[in-house]
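Student: Could you take me through one part of this protein closely, and show me how it sits among its surroundings?

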Amino acid sequence: MDLEALLTIGALSERTGVAPSALRFYEAEGLIQATRAPSGQRRYSRGTLRRVSFIRVAQQVGLSLQEIRDAMASLPDNRTPTERDWHRLSTSWKPRLENQIAMLERLRDRLDTCIGCGCLSLKACKLLNPYDEAAADGPGPRYLLTKGPYAAAGASASASAEASCAAPACDG
Ligand code: FES
(Lines give C-alpha, C1' and ligand atoms only; values in the text may rest on other atoms or scores of the structure.)
Protein backbone atom coordinates (compact mmCIF):
# COMPACT_ATOMS: atom_id res chain seq x y z
CA MET A 1 0.00 0.00 0.00
CA ASP A 2 1.31 3.45 -0.90
CA LEU A 3 1.54 5.24 2.42
CA GLU A 4 2.40 8.46 0.64
CA ALA A 5 -1.19 8.66 -0.55
CA LEU A 6 -2.55 8.23 2.95
CA LEU A 7 -3.30 10.89 5.52
CA THR A 8 -1.71 11.26 8.92
CA ILE A 9 -4.02 11.81 11.87
CA GLY A 10 -2.88 15.44 11.92
CA ALA A 11 -3.81 15.95 8.27
CA LEU A 12 -7.16 14.22 8.79
CA SER A 13 -7.80 16.38 11.83
CA GLU A 14 -6.87 19.58 10.02
CA ARG A 15 -9.05 18.88 6.98
CA THR A 16 -12.12 17.68 8.91
CA GLY A 17 -11.88 20.04 11.88
CA VAL A 18 -12.20 17.03 14.20
CA ALA A 19 -9.68 16.74 17.04
CA PRO A 20 -7.21 13.83 16.91
CA SER A 21 -8.63 12.53 20.19
CA ALA A 22 -12.08 12.34 18.56
CA LEU A 23 -10.61 10.57 15.53
CA ARG A 24 -8.99 7.98 17.81
CA PHE A 25 -12.37 7.59 19.52
CA TYR A 26 -14.12 7.05 16.16
CA GLU A 27 -11.53 4.41 15.35
CA ALA A 28 -11.99 2.70 18.70
CA GLU A 29 -15.74 2.69 18.03
CA GLY A 30 -15.20 1.08 14.63
CA LEU A 31 -16.53 4.10 12.71
CA ILE A 32 -13.30 4.63 10.79
CA GLN A 33 -10.27 2.47 10.14
CA ALA A 34 -6.57 3.22 10.04
CA THR A 35 -3.60 1.35 8.73
CA ARG A 36 -0.21 1.65 10.37
CA ALA A 37 2.95 3.09 8.89
CA PRO A 38 6.19 1.21 9.63
CA SER A 39 6.72 3.76 12.40
CA GLY A 40 3.46 2.59 13.98
CA GLN A 41 1.67 5.87 13.27
CA ARG A 42 -1.90 5.85 12.01
CA ARG A 43 -2.58 6.40 8.34
CA TYR A 44 -6.00 7.00 6.79
CA SER A 45 -7.29 6.71 3.23
CA ARG A 46 -8.66 9.91 1.70
CA GLY A 47 -12.11 8.30 1.77
CA THR A 48 -11.96 8.65 5.54
CA LEU A 49 -12.44 12.40 5.05
CA ARG A 50 -15.96 11.72 3.81
CA ARG A 51 -16.75 9.26 6.59
CA VAL A 52 -15.57 11.65 9.29
CA SER A 53 -17.47 14.52 7.67
CA PHE A 54 -20.69 12.50 7.78
CA ILE A 55 -20.09 11.42 11.36
CA ARG A 56 -19.41 14.99 12.46
CA VAL A 57 -22.48 16.49 10.81
CA ALA A 58 -24.71 13.59 11.89
CA GLN A 59 -23.64 14.20 15.49
CA GLN A 60 -24.29 17.92 15.12
CA VAL A 61 -27.86 17.33 13.95
CA GLY A 62 -28.54 15.03 16.88
CA LEU A 63 -28.08 11.48 15.64
CA SER A 64 -26.82 9.16 18.33
CA LEU A 65 -23.54 7.34 18.13
CA GLN A 66 -25.45 4.07 17.83
CA GLU A 67 -27.45 5.37 14.86
CA ILE A 68 -24.26 6.53 13.19
CA ARG A 69 -22.52 3.23 13.97
CA ASP A 70 -25.42 1.25 12.47
CA ALA A 71 -25.37 3.35 9.32
CA MET A 72 -21.59 3.21 8.93
CA ALA A 73 -21.71 -0.56 9.35
CA SER A 74 -23.58 -0.72 6.04
CA LEU A 75 -20.55 0.72 4.22
CA PRO A 76 -17.91 -1.67 2.89
CA ASP A 77 -14.77 -2.13 5.01
CA ASN A 78 -12.48 -3.28 2.27
CA ARG A 79 -12.86 -0.45 -0.25
CA THR A 80 -13.80 3.21 -0.59
CA PRO A 81 -17.61 3.49 -0.59
CA THR A 82 -19.17 4.32 -3.92
CA GLU A 83 -22.07 6.65 -4.65
CA ARG A 84 -24.34 3.62 -4.54
CA ASP A 85 -23.11 2.74 -1.05
CA TRP A 86 -23.72 6.27 0.17
CA HIS A 87 -27.13 6.35 -1.50
CA ARG A 88 -28.12 3.21 0.40
CA LEU A 89 -26.98 4.78 3.66
CA SER A 90 -28.78 8.07 2.97
CA THR A 91 -31.99 6.21 2.15
CA SER A 92 -31.85 4.43 5.50
CA TRP A 93 -31.33 7.76 7.30
CA LYS A 94 -34.06 9.67 5.47
CA PRO A 95 -37.00 8.92 7.82
CA ARG A 96 -34.83 9.67 10.84
CA LEU A 97 -33.59 12.94 9.35
CA GLU A 98 -37.09 13.98 8.32
CA ASN A 99 -38.22 13.50 11.92
CA GLN A 100 -35.27 15.55 13.07
CA ILE A 101 -36.06 18.33 10.58
CA ALA A 102 -39.70 18.39 11.72
CA MET A 103 -38.61 18.70 15.35
CA LEU A 104 -36.17 21.50 14.54
CA GLU A 105 -38.91 23.33 12.65
CA ARG A 106 -41.22 23.00 15.65
CA LEU A 107 -38.45 24.29 17.92
CA ARG A 108 -37.89 27.26 15.59
CA ASP A 109 -41.60 28.06 15.32
CA ARG A 110 -42.62 27.52 18.95
CA LEU A 111 -39.85 29.09 20.96
CA ASP A 112 -42.19 31.89 22.01
CA THR A 113 -45.32 29.88 22.68
CA CYS A 114 -46.50 26.81 24.59
CA ILE A 115 -44.39 23.71 24.05
CA GLY A 116 -46.44 21.44 26.29
CA CYS A 117 -43.71 21.01 28.89
CA GLY A 118 -45.93 21.32 31.97
CA CYS A 119 -44.66 24.71 33.18
CA LEU A 120 -47.95 26.52 32.43
CA SER A 121 -45.95 29.75 32.59
CA LEU A 122 -47.18 31.45 29.41
CA LYS A 123 -50.57 32.89 28.58
CA ALA A 124 -50.78 30.50 25.64
CA CYS A 125 -50.50 27.49 27.98
CA LYS A 126 -54.03 28.06 29.24
CA LEU A 127 -55.45 27.44 25.82
CA LEU A 128 -52.95 25.00 24.38
CA ASN A 129 -52.15 22.95 27.46
CA PRO A 130 -54.94 23.50 29.99
CA TYR A 131 -54.23 21.77 33.32
CA ASP A 132 -51.16 20.25 31.65
CA GLU A 133 -53.22 17.78 29.68
CA ALA A 134 -50.16 17.21 27.47
CA ALA A 135 -48.63 15.16 30.33
CA ALA A 136 -51.05 12.36 29.45
CA ASP A 137 -49.07 11.81 26.22
CA GLY A 138 -45.80 11.22 28.06
CA PRO A 139 -42.85 13.13 29.50
CA GLY A 140 -41.04 16.10 27.97
CA PRO A 141 -42.11 19.04 25.81
CA ARG A 142 -44.92 17.22 24.03
CA TYR A 143 -45.56 19.94 21.44
CA LEU A 144 -41.93 19.90 20.32
CA LEU A 145 -41.73 16.13 20.23
CA THR A 146 -45.04 15.82 18.36
CA LYS A 147 -47.38 18.18 16.54
CA GLY A 148 -49.66 18.38 19.59
CA PRO A 149 -52.62 20.78 19.31
CA TYR A 150 -50.86 22.55 16.43
CA ALA A 151 -51.65 19.61 14.16
CA ALA A 152 -55.38 20.39 14.07
CA ALA A 153 -55.17 24.15 14.35
CA GLY A 154 -52.23 24.56 11.97
CA ALA A 155 -49.82 27.44 12.19
CA SER A 156 -52.54 29.76 13.47
CA ALA A 157 -52.80 27.98 16.85
CA SER A 158 -50.05 30.00 18.45
CA ALA A 159 -51.30 33.32 17.12
CA SER A 160 -54.86 32.58 18.09
CA ALA A 161 -53.84 31.54 21.62
CA GLU A 162 -51.85 34.71 22.06
CA ALA A 163 -54.65 36.85 20.66
CA SER A 164 -57.17 35.21 23.00
CA CYS A 165 -54.96 35.71 26.04
CA ALA A 166 -54.35 39.35 25.11
CA ALA A 167 -58.03 40.00 25.82
CA PRO A 168 -58.81 41.79 29.13
CA ALA A 169 -60.66 38.70 30.41
CA CYS A 170 -57.51 36.58 30.26
CA ASP A 171 -55.51 36.85 33.44
CA GLY A 172 -52.86 34.43 32.23
S1 FES B 1 -44.78 26.37 27.81
FE2 FES B 1 -44.66 24.86 29.36
S3 FES B 1 -46.71 24.11 29.43
FE4 FES B 1 -46.87 25.74 28.05
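**A close look at helix α3**

Tutor: From the N terminus on, the elements run α-α-β-β-α-α-α-α-α-α-α, which makes nine helices and two strands. Helices (H or I, at least four residues) and strands (E, at least two) are DSSP runs, numbered from the N terminus. Please keep in mind that this is a predicted model: local features need pLDDT of at least 70, side-chain atom pairs count only at pLDDT 80 or more, and totals for chains, interfaces and linings use all residues. Residues are numbered from 1 along each chain as its sequence is written.

Let's settle on α3, residues 47-60. The expected span of a helix is 1.5 Å times one less than its number of residues. For the 14 residues of α3 that gives 20 Å, and the end C-alpha atoms are 20 Å apart, which agrees.

Next, which residues of α3 are buried? They are Thr48, Arg51, Val52, Phe54, Ile55 and Ala58. Here a residue is buried if 20 or more other C-beta atoms lie within 10 Å of its own, exposed if 12 or fewer, and partly exposed in between, with C-beta atoms placed from the backbone. Seen down the axis of α3, the buried residues fall within an arc of 160°, so they line one face of the helix; the arc is that of the directions from the helix axis to the C-beta atoms. On the other side of α3, Val57 and Gln60 are exposed.

What covers the buried residues of α3 includes α1 (9-16), α2 (20-28) and α4 (65-72). Valine 52 gives a good view of the packing: leaving aside neighbours within four places in sequence, Val52 is in contact with Leu12, Thr16, Val18, Leu23, Tyr26 and Ile32. Two residues are in contact if their C-beta atoms, placed from the backbone, lie within 7 Å.

Val52 also belongs to the largest nonpolar core, which has 15 residues; Tyr26, Leu31, Val52, Ile55 and Ile68 touch the most other members. A nonpolar core is a set of buried Ala, Val, Leu, Ile, Met, Phe, Trp, Tyr and Cys residues joined through C-beta atoms within 7 Å. The elements giving two or more residues to this core are α2, α3 and α4, and α3 gives the most, with four residues. Apart from this core lies another, of nine residues, among them Ile115, Leu128, Ala134 and Tyr150.

Moving along the chain, α3 is followed by glycine 62, whose phi is positive, near 100°. Then comes α4, where Ile68, Ala71 and Met72 are buried. Seen down the axis of α4, these buried residues fall within an arc of 95°, so they line one face of the helix. What covers them includes α3 and α5.

That brings us to α5, residues 83-110, where tryptophan 86 is found. With 15 C-beta neighbours inside 10 Å, Trp86 counts as partly exposed. The C-alpha atoms of Trp86 and leucine 75, 11 residues apart along the chain, are separated by 7.6 Å.

To put α3 back in its wider setting, buried residues make up 21% of the 172 residues in the protein. Residues 24 or more positions apart account for 56% of the contacts with a separation of 6 or more.
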